[in-house]
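Colleague: Could you take me through one part of this model slowly, as I am new to reading structures? I would like a close look at the second largest pocket, and what lines it.

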Amino acid sequence: MVHPEPEVIPLMKPYTMGEFQLSHRVVLAPMTRNRSKGNVPQPHAALYYSQRATRGGLLVSEGTLVSPQGYPEIPGIWTQEQIEAWKPIVDAVHSKGALFFCQIGHVGRFSTADSQLDGEAPISSTDKPVTPDAESGAVYSKPRRLRTDEIPGIVDDFRRAASNAIEAGFDGVEIHGVHGFLLEQFMKDSVNDRDDEYGGSLENRCRFVVEIIDAVVGEVGAHRVGMRLSPFAEYLDCIDSDPVALGNYMVQQLNKHENFLYCHMVEPRMAIIDGRRQIPHGLLPFRKAFKGTFMACGGYDGDEGNVVVEEGYADLVAYGRPFLANPDLPRRFELKAALNKYDRSTFYTHDPVVGYTDYPFLDDETNDLNVHS
């Protein structure tokens with residue numbers, strides 16, 4: 001008697017993303033891990049990323065700085081030393097048959113003067129500082145408003161970073177446009193208080209970001225570029241009075257580039273309905289408008305990921321903390337296996353092993369599924 005093959009869950013179905021063939025829809029989301037000494041990625045990152053690599057899977061790197069204007073433990077890609085340091089990490093991922101995209105970004109005012117060259121003020125669209133974080137005690141330096149004539153230099157930093165990423169072997173780049181970093185400091189009207197051509201109207205506030213997109217696409221080709229956006233997010237005082245209009249406008253700008261590879265969007269904050277956390281599914285207008293691959297992120301578990309792929313709400317689903325704690329996350333979803341719990345206290349430590357490469361796989365002989373609580 002011939003037994004029928006078990007049905008493949010939606011998350012594990014193959015997908016064609018532009019020129020790339022993916023074997024499943026589970027994507028490693030970009031996550032800052034603070035383990036790159038002096039902005040240079042370290043050898044232990046090769047193990048971290050390759051642990052999470054699968055044949056035909058897609059990984060997006062942690063946010064990678066385009067210039068020295070940032071933080072000391074975040075990797076960069078503006079020097080030849082950094083390019084060379086990334087190469088064995090990218091090779092380790094490719095040896096598993098996975099695709100690897102480099103997320104390139106700039107923190108802007110989300111920084112301090114002592115993290116800048118010569119102790120200068122961080123740059124931003126504004127001179128308004130980020131509100132101090134009462135919970136963590138973090139205090140940010142008062143930023144310096146970028147002069148109009150300086151903006152082309154920052155745009156060129158992104159262009160050069162994209163070129164460097166391809167030289168390092170990455171398959172493509174993702175432009176960081178989320179969570180209160182520099183690009184959102186221009187896009188969102190709670191922060192951007194400029195009165196030049198980069199402030200005021202929605203078109204003006206997005207002008208800087210559009211120039212970056214154009215420069216990166218011109219350098220490496222639209223077929224190797226994705227962008228991450230979070231119009232609904234309210235991180236670091238970056239809030240927009242009309243997030244739907246912002247999201248729609250930016251999708252239109254991406255669509256102007258034929259074959260722009262993907263749009264990666266973060267869901268609105270989850271709501272509590274009948275005592276349960278539920279994903280709002282607020283990205284549908286953008287999904288319908290965008291012409292390329294659409295990737296959703298924000299609080300998804302395996303079951304919810306299967307639903308949105310099956311319904312066509314998203315082509316791919318990016319996972320952050322679950323993938324951090326479960327290097328074999330696609331397999332666990334496929335087998336409906338229990339997940340390791342993540343240890344929040346180790347998210348941003350500098351240890352090269354603890355909370356980084358020591359989360360167990362399903363087939364580890366000493367596997368304790370709740371090793372991190």
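**The second largest pocket**

Modeller: Happy to! The second largest pocket has a volume of about 200 Å³, and please keep in mind that the model we are looking at is predicted. Two elements each give two or more residues to the lining of this pocket, namely α8 (302-311) and α10 (329-335). The largest share comes from α8, with 3 residues.

Now let us go along the chain and find the lining residues. Ile9 is one of them, and further along the list come Tyr300, Asp301, Gly302, Asp303 and Asn306. Pro322 lines the pocket too, together with Arg332 and Phe333. Lys336, Ala337 and Leu339 complete the lining.

What mix of classes does the lining of the second largest pocket have? There are 6 nonpolar residues, 2 polar ones and 4 charged ones. Asp301, Asp303, Arg332 and Lys336 are the charged residues in this lining, while Gly302 and Asn306 are the polar ones.

For a companion view, turn to the cavity. The structure holds 1 cavity of 30 Å³ or more, and the largest cavity has about 40 Å³ of space. Its lining includes Gly177, Glu184, Met187 and Leu229, and among the other lining residues are Leu246, Gly247 and Met250. Here α6 (243-255) and α4 (182-187) each supply at least two residues, and α6 gives the most, with 3. By class, this lining has 5 nonpolar, 3 polar and 1 charged residue.

Terms used: Residues are numbered from 1 along each chain as its sequence is written. This is a predicted model: local features need pLDDT of at least 70, side-chain atom pairs count only at pLDDT 80 or more; totals for chains, interfaces and linings use all residues. Side-chain values use heavy atoms; hydrogens and water are left out. On a 1 Å grid over the protein atoms alone, a cavity is a set of points where a 1.4 Å probe fits but cannot get out, and a pocket is an open set with protein on both sides within 12 Å along at least five of seven lines; lining residues have an atom within 4 Å of a point. Grid points are joined across faces, edges and corners, and a volume is the space filled by probe spheres set on the points. Helices (H or I, at least four residues) and strands (E, at least two) are DSSP runs, numbered from the N terminus.
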